[in-house]
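Thanks for coming, everyone. I would like to take a few minutes to walk through one model with you, going from single residues to strands and then to the pocket.

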Amino acid sequence: MKINIIVAIAANRAIGFENKLIYHISTDLKRFKKLTTGHTIIMGRRTFESLPGGALPNRRNIVLSRTQPSLSDCEIFPSLEHALEGCSHEEDVFIIGGATLYAETLPQAHRLYITQIDDMPAQADAFFPLIPADEWKKVHEERYAPSENIPGYAFIDYIKV
Ligand SMILES: NC(=O)c1ccc[n+]([C@@H]2O[C@H](COP(=O)([O-])OP(=O)(O)OC[C@H]3O[C@@H](n4cnc5c(N)ncnc54)[C@H](OP(=O)(O)O)[C@@H]3O)[C@@H](O)[C@H]2O)c1
């Protein structure tokens, strides 16, 4: 099984505020859809609750929660270990947030799909953990210049060394 993390991170490692995304960059959202469609996505209960339309279509939606026995249109597991046991070896799994789950899965992930946003948000309360530089190798970088209302950003992929 390949464990991928996909996340959009600001310059100060911020990823969210008040259980919402900070940035809505359409190219980024399209890339997220393209990479995850047809695969399994695993998320924390708070990230699931933040999805405006509920479960994401054409993907196996797995939600981790110790408090919720069921939620609509998704599978619930009480731990990451149980969730991964419930996935097949051939599955390409995408960890899609939030902060709690990223911190727990970073040590065992194989690839990171990072959208690095060249901006410091005024407010944030959820952050991505530090990426240990000696454990990850950059394998792809695609940079976009700032445009009206959108800061510059880059798609950067890392693989575990
Ligand atoms: N920038 C991005 O790319 C991105 C992507 C996704 C999310 N976000 C942001 O991240 C923020 C949410 O992050 P968060 O850390 O507050 O919440 P979260 O990780 O989405 O959810 C936390 C909850 O998930 C459950 N959980 C997490 N790990 C678990 C485990 N190992 N076993 C069982 N249950 C587990 C627990 O639910 P129970 O309390 O029910 O037990 C926990 O309270 C939001 O602001 C969101 O917008 C940003």
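**Backbone, sheets and pocket**

Let me begin with Glu-18, which counts as exposed because its relative accessibility is 52%, and the cut-off for that class is over 50%. Please keep in mind throughout that this is a predicted model, and that every value I quote is computed from it.

Glu-18 sits in the loop that connects E2 and E3, and what draws attention to it is the backbone, since its phi is near 50 degrees, a positive value in a residue that is not glycine. As background, most residues other than glycine have a negative phi, and most peptide bonds are trans. There is a second case to put beside it, namely Asn-58, whose phi is positive at about 60 degrees although this residue, too, is not a glycine. Asn-58 belongs to the loop between H2 and E5, and with a relative accessibility of 62% it counts as exposed.

Which peptide bond is cis? The one running from Gly-97 to Gly-98, where omega is near 0 degrees. Gly-98 is placed in the loop between strand E7, residues 92-95, and H4, and I will come back to these two glycines when we reach the pocket.

Let me turn now to the strands. Strands of a sheet pair through backbone hydrogen bonds, either parallel or antiparallel, and this model offers examples of both senses. On the parallel side, strand E4, residues 40-44, is joined to E5 over 5 bridges, and within that pairing Ile-41 has Asn-61 of E5 as its bridge partner. E5 is also joined to strand E6, residues 75-77, by 3 bridges, again with the strands running parallel, and here Leu-64 has Phe-77 of E6 as its partner. E5 itself, which spans residues 60-64, is mostly covered, with 4 of its 5 residues buried. If you follow the chain from E4 through H2 into E5, you trace a β-α-β unit, and its hand is right-handed.

On the antiparallel side, there is an open sheet of 3 strands in the order E3-E2-E9. The edges of that sheet are E3 and strand E9, residues 126-127, each of which pairs on one side only. E2 and E9 are held in the antiparallel sense over 2 bridges, and Ala-14 stands opposite Phe-127 of E9.

Next, two residues of helix H1. Is Thr-36 buried or exposed? Thr-36, which lies in H1, is buried, because its relative accessible area is 0%, and the cut-off for buried is under 20%. Setting aside residues up to four places away in sequence, Thr-36 touches Ile-6, Ile-41, Arg-59 and Phe-94, and Ile-41 is the residue we have just met as the bridge partner of Asn-61. The other residue is Arg-31, also in H1, which at 15% relative accessibility counts as buried in spite of being a charged residue by class. Leaving out neighbours within four places in sequence, Arg-31 is in contact with Tyr-113, Ile-114, Thr-115, Phe-155 and Asp-157.

That brings me to the largest pocket, which holds about 1300 Å³ of space. Its lining is made up of 48 residues, and those nearest its centre are Thr-47, Ser-50, Ile-96, Gly-97 and Gly-98, so the two glycines of the cis peptide bond are both in that group. By class, the lining has 25 nonpolar, 14 polar and 9 charged residues. Several elements each supply at least two lining residues, among them strand E1 (2-9), helix H1 (26-36), helix H2 (45-50) and strand E8 (111-117).

Which element gives the most to this lining? Helix H4 does, with 5 residues. In H4 we also find Thr-100, which is exposed, with a relative accessible area of 66%. The C-alpha atoms of Thr-100 and Pro-129 are separated by 9.3 Å, while the two residues are 29 places apart along the chain.

I will stop there and take your questions.

Technical notes: Residues are numbered from 1 along each chain as its sequence is written. This is a predicted model: local features need pLDDT of at least 70, side-chain atom pairs count only at pLDDT 80 or more; totals for chains, interfaces and linings use all residues. Side-chain values use heavy atoms; hydrogens and water are left out. On a 1 Å grid over the protein atoms alone, a cavity is a set of points where a 1.4 Å probe fits but cannot get out, and a pocket is an open set with protein on both sides within 12 Å along at least five of seven lines; lining residues have an atom within 4 Å of a point. Grid points are joined across faces, edges and corners, and a volume is the space filled by probe spheres set on the points. Buried means under 20% relative accessible area, exposed over 50%, partly exposed in between (1.4 Å probe, protein chains only). Two strands pair if DSSP finds at least two bridges between them. A crossover is right-handed if, with the strands pointing away from the viewer, the path from the first strand over the helix to the second runs clockwise. Contact means heavy atoms within 4.5 Å.
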